[in-house]
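Subject: Structure for you to look at

Hello,

Here is the structure I said I would pass on. Please open it first, and then read the notes below with it on screen.

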Amino acid sequence: MNATPFSPDFSTAQQRFREGLSAARGDLRHIPLGCTDQQGERLGIDIAWFGNHRPTRALIHVCGIHGVEGFAGSAVQLALLDNLPRLPADAALILVHVLNPFGMTYLRRGNENNVDLNRNFFFGSDGWSGVADDYAALDDFLNPPRPPSRIDFFHLRLLLATVNLGTSAIRQSVASGQYRFPKGIFYGGNGFEPEAKYYSEWLTNHLRGVQELFVIDVHTGLGDYGQQTLFLRSPTVSAEDMADELLVPIASDAIESGVMGYAHQGGHSSVYPQVLPSARTVYLTQEFGTYSGPRLLRALRAENQHHHFGDGRLGHWSKQHLKKMFNPEDPKWRRQVVTQGCDLVHRAAARLFSDRARSLSAPR
């Protein structure tokens, strides 16, 4: 791919993804949603499928569950379409292009209902309720009911809150997700959102025969600038063993909670064991670091104010600033993201599609 794989907006990214998919001779699957873009065109989730239509082994690469974070994952997928891993006869490679197209279109972390989809994947009636006591106490600071201002003493107010509550308590209470304030940041919803519901149904209908599953979920924001941080969720393999197999550093989900400063429920990772219980699933979260937590929080807060109490224009400084916070324009950062992102997919494919993986998935 001669041009940069980073796209300026969702519409361009989707067009380039479809063109690249066609050139690579893959199959396009599409999950339509009820939301629309600025021109009134209906949005949806595009899925590229390569390989066996009834696979026993599958590698899934997902991006954009947090909307505005989707630019990096989309770029990785566009680059992958020019350099796909080799697939054995029983395998499939699946690229899920932007699980939250509304968020990427409108430069938001949440979807059309202000829901953080990575706090929305509950199965049953026990989810979608509650809020941390500290979040409720901080609501006026986190979610001011007025348009954003460039000068609002955010850092001073954050400092005062930190003195009163402590850094770890603030991180946990804010980022763990909340289900009481529909206009607030990190809102997890009050039921299954369309994106989560339809994607879960799609997995059930198309991958029920899979025995070995490897999922890579791409995010941006947290971690060292331009560097990937990998976190493993898998009941069948340890982070240490997976790191040895892939030859890259990997931490467990318990360590993720400590490194990132919070744990949360209703995450996207929970969908796979729920709808594909027969599959041995390895789930990796791939985080590409951008800027500090306070800077990201301030940007999320300002955009959320603009969305609910401003005029919603995409050209507003809060929208454009949020995009830059999660999608830096730095060419070096972007090269590192694409290089590390593609490398991880090829390492995962080599591991999943090896003879050893086939023996693990054979009936006993």
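Start at F153, which sits in the loop between α4 (133–142) and α5 (154–165). Bear in mind that this is a predicted model. The phi of F153 is near 60°, a positive value in a residue that is not glycine. Most residues other than glycine have a negative phi. F153 counts as exposed because its relative accessibility is 59%, and the cut-off for exposed is over 50%.

L247 can be described in a similar way. Its place is the loop between α8 (239–246) and β7 (251–252). The phi of L247 is positive and near 60°, and L247 is not a glycine. With a relative accessibility of 65%, L247 counts as exposed. There is also a positive phi at a glycine: G177, just after α6, has a phi of about 105°.

Confidence

The mean pLDDT of the protein is 93, and 94% of its residues reach 70 or more. Over residues 357–364, however, the pLDDT is below 50, and this stretch has 13 contacts in the model beyond near neighbours in sequence.

Salt bridges

How many salt bridges does a search of the whole structure find? The search gives 15. Three pairs and one network are described here.

The first pair to look at is D46 and R18, whose closest N and O atoms are 2.7 Å apart. D46 is in strand β2 and R18 is in helix α1, so this salt bridge ties together parts that are 28 residues apart in sequence. Is D46 buried or exposed? D46 is buried, with a relative accessible area of 1%. R18 is partly exposed, at 34% relative accessible area.

Next, R301 forms a salt bridge with D152, and their closest N and O atoms are 2.6 Å apart. R301 belongs to helix α11 (residues 293–309), while D152 is in the loop between α4 and α5, so the pair ties together parts that are 149 residues apart in sequence. That loop also holds F153. Both R301 and D152 are buried.

In the third pair, the side chains of R280 and E212 meet in a salt bridge, with 2.9 Å from N to O. R280 lies in strand β8 (residues 280–289) and E212 in strand β5 (residues 212–225), so parts that are 68 residues apart in sequence are tied together. R280 is partly exposed, with a relative accessible area of 31%. E212 counts as buried, at 3% relative accessibility.

Salt bridges also link E69, R109, D116 and R119 in a network.

Helix α6

Helix α6 covers residues 167–175, and its buried residues are I170, S173, V174 and A175. What do the buried residues of α6 pack against? They pack against α4, α5 and α11. Helix α11 is also where R301 is found.

Empty space

Rolling a probe the size of a water molecule over the atoms shows where empty space is left.

The structure holds one cavity of 30 Å³ or more. The volume of the largest cavity is about 120 Å³. It is lined by 13 residues, of which R109, G110, N114, I185 and F186 are the closest to its centre. R109 is also part of the salt-bridge network. By class, the lining of the largest cavity divides into five nonpolar, four polar and four charged residues.

The second largest pocket has a volume of about 270 Å³. Of the 20 residues in its lining, F10, S11, D37, Q38 and T105 are the closest to the centre. Four elements give two or more residues to this lining: α1 (10–23), β2 (42–51), α3 (101–105) and α12 (317–326). Which element gives the most to the lining of the second largest pocket? That is α1, with four residues. The lining of the second largest pocket has six nonpolar, eight polar and six charged residues. Two of the elements named here, α1 and β2, also hold R18 and D46 of the salt bridge described above.

Regards

Key: Residues numbered from 1 in each chain as written. Predicted model: local features only at pLDDT ≥ 70, side-chain atom pairs only at ≥ 80, totals over all residues. Heavy atoms only, no water. 1 Å grid on protein atoms, 1.4 Å probe; cavity = no way out; pocket = protein on both sides within 12 Å on 5 of 7 lines; lining within 4 Å. Points joined across faces, edges and corners; volume = space filled by probe spheres on them. Nonpolar A, V, L, I, M, F, W, Y, C, P; charged D, E, K, R; others polar. pLDDT = per-residue confidence, 0-100. Contact = heavy atoms within 4.5 Å. Buried < 20%, exposed > 50% of the residue type's maximum accessible area, 1.4 Å probe, protein only. Salt bridge = Lys/Arg side-chain N within 4 Å of Asp/Glu carboxyl O.
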